[in-house]
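Subject: Structure for your review

Dear colleague,

Please find the structure below, followed by notes on what was found in it. I would be glad if you could read the two side by side.

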Amino acid sequence: VQLQASGGGLVQAGGSLRLSCAASARTLSSYHMGWFRQAPGKEREFVARISYRGGASSTADSVKVRFTISRDNAKNTVSLQMNSLKPEDTAVYYCAAGGLWTTTQEGYDYWGQGTQVTVSS
């Protein structure tokens with residue numbers, strides 16, 4: 001499974017961005033999907049996840065209410081809607097696919113290349 005993340009960019013604090021993750025395989029519906037991010041000098045951290053059929057999802061406390069994850073299995077895509085962005089949201093965002101329902105990186109088998117999100121104050 002090849003994943004391609006897109007939608008990053010530069011935005012002012014309080015603004016919004018929508019990240020997308022497109023998958024090459026038609027079996028994306030077989031995987032739970034997650035978004036992670038890595039800020040400069042920090043470890044990669046969990047942001048959001050959604051179950052393989054989209055029936056369950058969760059977000060990290062740091063982005064709760066502001067970020068929403070969704071998926072469209074017919075289009076093999078997963079999205080992350082980010083609202084009320086803060087400078088501390090600045091990071092490279094990665095999408096990932098895996099068979100485990102988890103917030104840990106080890107539970108994901110396939111990773112996209114990452115897309116940069118920069119939030120200016």
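Arg53 lies in the loop that runs between strand S5 (45-50) and strand S6 (57-59), where strands (E, at least two residues) and helices (H or I, at least four) are DSSP runs numbered from the N terminus. At 70% relative accessibility Arg53 counts as exposed, on a scale where exposed means over 50%, buried under 20% and partly exposed in between, with a 1.4 Å probe and protein chains only. Leaving aside residues up to four places away in sequence, Arg53 touches Arg71 and Asn73, a contact being heavy atoms within 4.5 Å. Arg53 and Arg66 are 13 residues apart in sequence, and their C-alpha atoms are 22 Å apart in space.

Gly54 is found in the loop between S5 and S6, and with a relative accessible area of 34% it is partly exposed. The C-alpha atoms of Gly54 and Tyr31 are separated by 10 Å, with their positions 23 residues apart along the chain.

Before going further, please note that this is a predicted model, in which local features need pLDDT of at least 70 and side-chain atom pairs count only at pLDDT 80 or more, while totals for chains, interfaces and linings use all residues. Residues are numbered from 1 along each chain as its sequence is written, and side-chain values use heavy atoms, with hydrogens and water left out.

As to the chain as a whole, its secondary structure comes to zero helices and 11 strands. With 121 residues, a compact globule would have a radius of gyration near 14 Å, and the chain agrees with this at 13 Å; the radius is taken over C-alpha atoms, and the globule rule is 2.2 Å times the number of residues to the power 0.38. Along the principal axes, the C-alpha atoms fill a box of roughly 40 × 25 × 25 Å. Of the 121 residues, 45% count as buried, and among contacts between residues at least 6 apart in sequence, 57% join residues at least 24 apart.

Turning to the interior, which residues of the largest nonpolar core touch the most other members? Of its 33 residues, they are Met33, Trp35, Leu80, Met82 and Tyr93, the core being a set of buried Ala, Val, Leu, Ile, Met, Phe, Trp, Tyr and Cys residues joined through side-chain atoms within 4.5 Å. Several strands each supply at least two residues of this core, including strand S3 (17-23), strand S4 (32-38) and strand S11 (115-120), while the largest share, five residues, comes from S9. In soluble globular proteins, nonpolar side chains tend to be buried together. Not counting residues up to four places away in sequence, Leu80 touches, among others, Leu17, Trp35, Val47, Phe67, Ile69 and Tyr93.

Two backbone angles may also deserve your attention. Asn76, in the loop between strand S7 (67-72) and strand S8 (77-82), has a phi near 55°, a positive value in a residue other than glycine, and at 12% relative accessibility Asn76 counts as buried. Ser84, in the loop between S8 and strand S9 (91-98), likewise has a positive phi, near 50°, but at 40% relative accessibility Ser84 counts as partly exposed.

With kind regards
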